[in-house]
Amino acid sequence: CNSNKEQNAIEGTWRLVSATSTEKDSTFSTFNPKTKMIKIINNTHFAFFNHDLNNGKDSTTAVFSGGGGSYTLKDSIYTESLDFFNNRQWENNKFEFVVKIKNDTLTQKGVEKVEKLGVDRIIIEKYVREN
């Protein structure tokens, strides 16, 4: 019963408002205020989309990325199975996070590790619920 309440709380559309990454002994912001990223979570799947705020008109800053897949949520452990991503080398990996929801804010913290790309970092992302 408790798990269902948490799962219902996580469902919705979330907008990224801050992000940090820690690699080795360095922590830095990875949040770009010139882009907008949303994450959509339903009862079985998640999807995320990120694009620049200039409608792609400036080729030097134009960006679009998107991905998604299935997820599990057990207590505060949220595990994403990334089945789709525009950078295909990230696909077919699982990423485990601890999630906390307080009021309209979702915080997720965990490890992004993709051995074949040399990626191994701790990330913390904060989202606010979109209405």
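These are my notebook entries on a predicted model.

**Entry 1: the core**

I started with the nonpolar core. The largest one has 22 residues. I asked which of them touch the most other members. They are I10, I41, F46, Y71, Y78, L82 and W90. Next I looked up the strands that feed this core. β1 (12–23), β3 (35–41), β4 (45–52) and β5 each supply at least two residues. So much is also true of β6 (77–85), β7 (93–102), β8 (105–114) and β9 (119–129). I noted the background alongside: in soluble globular proteins, nonpolar side chains tend to be buried together.

**Entry 2: aromatic pairs**

I then turned to the rings. The count comes to 6 aromatic pairs. One of them joins F46 and F48. This pair is stacked, with 6.3 Å centre to centre and 10 degrees between the planes. I checked the cover on both residues. F46 has 3% relative accessibility, so it counts as buried. F48 counts as buried too, at 13%.

F85 and W90 form an aromatic pair as well. Stacked or edge-to-face? The planes are 75 degrees apart, and the pair is edge-to-face. Its centres are 6.3 Å apart. F85 is buried, with a relative accessible area of 17%. W90 is buried, with 11%. I also looked for a wider grouping. F46, F48, F85, W90 and F95 form one aromatic cluster.

**Entry 3: around W90**

W90 appears in the core list and in the aromatic cluster, and I looked up its contacts. I left aside neighbours within four places in sequence. What is W90 in contact with? L82, F85 and F95 are among the partners. The others are E112, V114, L117, V119 and R121.

**Entry 4: salt bridges**

I searched the whole structure and found 7 salt bridges. I wrote down three. In one, the side chains of E130 and R15 meet at 2.8 Å, N to O. E130 sits in the segment after β9 and R15 in strand β1. The two are 115 residues apart, and the pair links distant parts of the chain. E130 counts as partly exposed, at 25% relative accessibility. R15 is partly exposed, with a relative accessible area of 30%.

K36 also forms a salt bridge with E130. Their closest N and O atoms are 3.7 Å apart. K36 lies in strand β3, 94 residues from E130. K36 has 34% relative accessibility and counts as partly exposed. I recorded the three residues together: R15, K36 and E130 are linked in a network of salt bridges.

The third bridge joins K39 and E80, with the closest N and O atoms 2.6 Å apart. K39 is in strand β3 and E80 is in strand β6. They are 41 residues apart, and the pair links distant parts of the chain. Are K39 and E80 buried or exposed? K39 is buried, with a relative accessible area of 2%. E80 is buried, with 6%. The cut-off for buried is under 20%, so both values qualify. As a general note, side chains of opposite charge can pair when their charged atoms come close.

**Entry 5: positive phi**

I looked up backbone angles next. Most residues other than glycine have a negative phi. K24 has a positive phi, near 55 degrees, and is not a glycine. Where is K24 placed? K24 is in the loop between β1 and β2 (26–29). K24 is exposed, with a relative accessible area of 83%.

N92 also has a positive phi, about 65 degrees, although it is not a glycine. N92 is in the loop between β6 and β7. N92 is exposed, at 67% relative accessible area.

**Entry 6: the surface**

I finished on the outside. I40, F49 and F64 make a nonpolar surface patch of about 290 Å². F64 lies in strand β5 (residues 64–74). Its relative accessibility is 55%; exposed means over 50%, so F64 counts as exposed.

I checked E115 last. E115 lies in the loop between β8 and β9. E115 is exposed, with a relative accessible area of 69%. I also took its spacing from S70. They are 45 residues apart in sequence. In space they are 21 Å apart, C-alpha to C-alpha.

Note on methods. Residues are numbered from 1 along each chain as its sequence is written. This is a predicted model: local features need pLDDT of at least 70, side-chain atom pairs count only at pLDDT 80 or more; totals for chains, interfaces and linings use all residues. Side-chain values use heavy atoms; hydrogens and water are left out. Patches are made of residues with over 30% relative accessible area and no salt bridge: like charges are joined within 9 Å, nonpolar side chains (Val, Leu, Ile, Met, Phe, Trp, Tyr) within 5 Å. Accessible areas come from the Shrake-Rupley method with a 1.4 Å probe; for residues, only the protein chains shown count as cover. A salt bridge is a side-chain nitrogen of Lys or Arg within 4 Å of a carboxyl oxygen of Asp or Glu. Helices (H or I, at least four residues) and strands (E, at least two) are DSSP runs, numbered from the N terminus. Buried means under 20% relative accessible area, exposed over 50%, partly exposed in between (1.4 Å probe, protein chains only). Rings of Phe, Tyr and Trp (its six-membered ring) pair if their centres lie within 6.5 Å; planes under 30 degrees apart count as stacked, over 60 as edge-to-face and the rest as tilted. A nonpolar core is a set of buried Ala, Val, Leu, Ile, Met, Phe, Trp, Tyr and Cys residues joined through side-chain atoms within 4.5 Å. Contact means heavy atoms within 4.5 Å.
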